[in-house]
Amino acid sequence: MLSNRYASCIQACSACAIACETCAAACLEEEDVAMMRTCIQLDRDCADMCRLAEALMLRDSALVDAFCRLCAVACQACAEECAKHDHSHCQQCAQACQHCVDECEALAA
């Protein structure tokens with residue numbers, strides 16, 4: 001049975017991965033895609049990190065704490081980049097990323 005220790009972090013990672021994928025897809029539809037390049041790259045990196053963090057928590061890996069610290073770094077970078085853009089998808093992504101940072105840091109503490 002999955003430990004309740006991970007429940008809120010798994011939820012935050014899942015929501016963050018979805019927000020990042022949604023943001024990356026929406027950024028590709030923006031008029032100036034080149035301006036969104038860093039945002040798209042960080043969205044994709046963050047989504048991948050969140051999915052792996054989620055998988056590690058689901059199998060109660062010994063690497064959870066260390067990986068969640070790294071996931072928080074990726075989420076923080078993505079949150080900061082997305083916050084620079086006025087698009088609603090970027091703002092929503094920044095919020096999801098920041099929530100994931102908070103959850104991952106709390107778990108790894």
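# A walk around helix H2 and its neighbours

Start by selecting residues 37-58, helix H2, together with residues 88-108, helix H4: the two pack at an angle of about 35°, and their axes lie 12 Å apart. Keep in mind that what you have open is a predicted model. The crossing of H2 and H4 is left-handed.

Now show the side chains where these two helices touch. On the H2 side, pick Cys39, Asp43, Cys46, Cys50 and Met57; across from them in H4 are Cys90, Cys93, Cys97, Cys100 and Leu107. Sorted by class, this H2–H4 contact has 9 nonpolar residues, 1 charged residue and no polar ones.

Next, hide H4 and look at H2 by itself. It has 22 residues and spans 32 Å from its first C-alpha to its last, close to the 32 Å expected at 1.5 Å a residue. Which residues of H2 are buried? Select Cys39, Ile40, Asp43, Cys46, Ala47, Met49, Cys50, Ala53, Glu54, Leu56 and Met57 to see them. Bring the neighbours back and you'll find that the cover over these buried residues of H2 includes helix H1 (7-27), helix H3 (64-83) and H4.

Let's move on to Asp60, which comes after H2. You'll find Asp60 in the loop between H2 and H3. What is its phi? For Asp60 it is near 55°, a positive value in a residue other than glycine. As a rule, most residues other than glycine have a negative phi.

Past that loop, select H2 and H3 as a pair. Their axes come within 9 Å and cross at roughly 155°. Because that angle is over 145 degrees, H2 counts as roughly antiparallel to H3. H2 passes H3 in a left-handed crossing. To light up the contact, colour the H2 residues Thr38, Cys39, Leu42, Asp43, Cys46, Met49, Cys50, Leu52, Ala53, Leu56 and Met57, then the H3 residues Val64, Phe67, Cys68, Leu70, Cys71, Ala74, Cys75, Ala77, Cys78, Glu81 and Cys82. By class, the H2–H3 contact comes to 19 nonpolar, 1 polar and 2 charged residues.

Now swap H2 out and pair H3 with H4. These two pack at an angle of about 155°, with their axes 8 Å apart. So H3 is roughly antiparallel to H4. Here too the crossing is left-handed, as H3 passes H4. Among the H3 residues to click in this contact are Val64, Asp65, Cys68, Arg69, Cys71 and Ala72. On H4, the ones to look for include Cys90, Gln91, Cys93, Ala94, Cys97 and Gln98. The whole H3–H4 contact, by class, has 18 nonpolar, 3 polar and 3 charged residues.

The last stop is His87. Where is it? Look in the loop between H3 and H4. Its relative accessibility is 23%, so His87 counts as partly exposed. Leaving aside residues up to four places away in sequence, His87 touches Glu30 and Met36. To finish, add Asn4 to the view: the C-alpha atoms of His87 and Asn4 are separated by 35 Å, with the two residues 83 apart along the chain.

Terms used: Residues are numbered from 1 along each chain as its sequence is written. This is a predicted model: local features need pLDDT of at least 70, side-chain atom pairs count only at pLDDT 80 or more; totals for chains, interfaces and linings use all residues. Side-chain values use heavy atoms; hydrogens and water are left out. Axes are lines fitted to C-alpha atoms, for helices over the stretch in contact, and angles run from 0 to 180 degrees between N-to-C directions. Helices (H or I, at least four residues) and strands (E, at least two) are DSSP runs, numbered from the N terminus. A crossing is left-handed if the near helix is turned anticlockwise from the far one by less than a right angle, and right-handed if clockwise. Contact means heavy atoms within 4.5 Å. Ala, Val, Leu, Ile, Met, Phe, Trp, Tyr, Cys and Pro count as nonpolar, Asp, Glu, Lys and Arg as charged, and the others, Gly among them, as polar. The expected span of a helix is 1.5 Å times one less than its number of residues. Buried means under 20% relative accessible area, exposed over 50%, partly exposed in between (1.4 Å probe, protein chains only). Angles under 35 degrees count as roughly parallel, over 145 as roughly antiparallel, 65 to 115 as roughly perpendicular and the rest as oblique.
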